[in-house]
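User: Please take a close look at one part of this protein, a single position of your choice. Then work outwards from that position to its surroundings, in one connected account.

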Amino acid sequence: METENPLIEWQYSTEEWNEFVDIEKANKKEDNIYFGIAILLIVPFGLMFYRNTSYLFSLLFSIPFAVLIPVLRMKFSYKHLQKNVSNPHVKLFDAYMMINNHTIEVASRRKRIKSLKIIDAKNNKKLLEVDVQWKTRKGPTNDETRILIPENKLFEAEKLVNDFYKNND
């Protein structure tokens, strides 16, 4: 699969990677808590309006989804966020990312990179956020994949972001 040259190729120490995993899991947990709260706020009123159910029944119906969906997202969507990986590394290609031998599709017929940006994280770390968008029946949706920028690779990350916006204007 890796016949092309990567746009970036970064190596990390195990300690660096473990710290990043802690930061990113906290970010994803926060995102999923907000997602669960949104389910609890929207679904009961939708059921009351469209299905004529009582508030209590619609709330009881939505609670399992508000808990289960975020938990399943954490379990299945973020397999690349593992601690104590030997030789942690990230490679970004035009169509996919390789994070410790886990492939994440970022561009294809169905998907596209919507944005790239550098964000600040805890402990003065910088993260490269790759926002991937795809179409669904109800309109576009997206998910972010963030990767740690090694301290000596910040210039490379800035160049990647600048090149992305130059080529997509």
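Analyst: Helices here are DSSP runs of H or I with at least four residues, strands are runs of E with at least two, and both are numbered from the N terminus. The model is a predicted one.

The position chosen is asparagine 32, which lies in helix H1. Is asparagine 32 buried or exposed? Its relative accessibility is 4%, and residues count as buried under 20%, so asparagine 32 is classed as buried. Which residues does asparagine 32 touch, once its neighbours within four places in sequence are set aside? The contacts of asparagine 32 are Pro70, Arg73, Met74 and Tyr78.

Three of these partners, Pro70, Arg73 and Met74, have numbers that fall within helix H2, which spans residues 55-77. The next step is therefore the pair of helices H1 and H2, whose axes come within 8 Å of each other. Two packed helices are described by the angle between their axes and the distance between the axes. For H1 (residues 14-51) and H2, the crossing angle is roughly 155 degrees. Angles over 145 degrees count as roughly antiparallel, and the two helices are therefore roughly antiparallel to each other. The crossing of H1 and H2 is right-handed. Sorted by class, the residues in the contact of H1 with H2 are 17 nonpolar, four polar and four charged.

Next comes the place of these two helices in the chain. The protein has three helices and seven strands. Starting at the N terminus, the order of the elements is β-α-α-β-β-β-β-β-β-α. Helices H1 and H2 thus follow one strand and precede the six others, with the third helix at the end of the order.

The strand ahead of H1 is E1 (8-11), an edge strand of an open sheet. This sheet has four strands in the order E1-E2-E3-E4, and their pairing is antiparallel. The other edge strand is E4, and each of the two edge strands pairs on one side only. From one strand to the next, the twist averages 10 degrees.

The pairings can be followed across this sheet. E1 is joined to E2 by four bridges in the antiparallel sense, and glutamine 11 has histidine 89 of E2 as its bridge partner. Strand E2 covers residues 89-92 and is joined to E3 by three bridges, again antiparallel. Lysine 91 is bridged to methionine 98 in E3, and leucine 92 to methionine 97 in E3. E2 and E3 make a hairpin with three residues between them. E3 (residues 96-99) then pairs with E4 (residues 102-105) over four antiparallel bridges, and one of the pairs is tyrosine 96 with glutamate 105. E3 and E4 also make a hairpin, this one with two residues between the strands. Asparagine 100, in the turn of that hairpin, has a positive phi of about 50 degrees.

Strand E2 is covered on both faces. His89 and Lys91 on one side are buried, and so are Val90 and Leu92 on the other.

Helix H3 (residues 154-167) lies across E1 and E2 and runs at about 155 degrees to E1. Helix H3 also lies across E5, E6 and E7, where its angle to E5 is about 140 degrees. H3 is thus placed across strands of both sheets.

The second sheet is open and has three strands in the order E5-E6-E7, with antiparallel pairing. E5 (111-120) and E7 (139-149) stand at its edges, each with a single partner strand, so one side of each has no neighbour in the sheet. The twist in this sheet averages 20 degrees from one strand to the next. E6 (residues 126-136) and E7 pair over eleven bridges in the antiparallel sense, among them the one between leucine 127 and leucine 148 of E7.

Some figures for the whole protein complete the account. Its C-alpha atoms fill a box of roughly 55 × 35 × 30 Å along the principal axes. Of the 169 residues, 36% are buried, and asparagine 32 is one of the residues counted as buried. Among contacts between residues at least 6 apart in sequence, 56% join residues at least 24 apart.

Notes: Residues numbered from 1 in each chain as written. Predicted model: local features only at pLDDT ≥ 70, side-chain atom pairs only at ≥ 80, totals over all residues. Heavy atoms only, no water. Axes fitted to C-alpha atoms, helices over the stretch in contact; angles between N-to-C directions. Parallel < 35°, antiparallel > 145°, perpendicular 65-115°, else oblique. Left-handed = near helix turned anticlockwise from the far one by under 90°. Nonpolar A, V, L, I, M, F, W, Y, C, P; charged D, E, K, R; others polar. Pairing = 2+ DSSP bridges. Contact = heavy atoms within 4.5 Å. Buried < 20%, exposed > 50% of the residue type's maximum accessible area, 1.4 Å probe, protein only.
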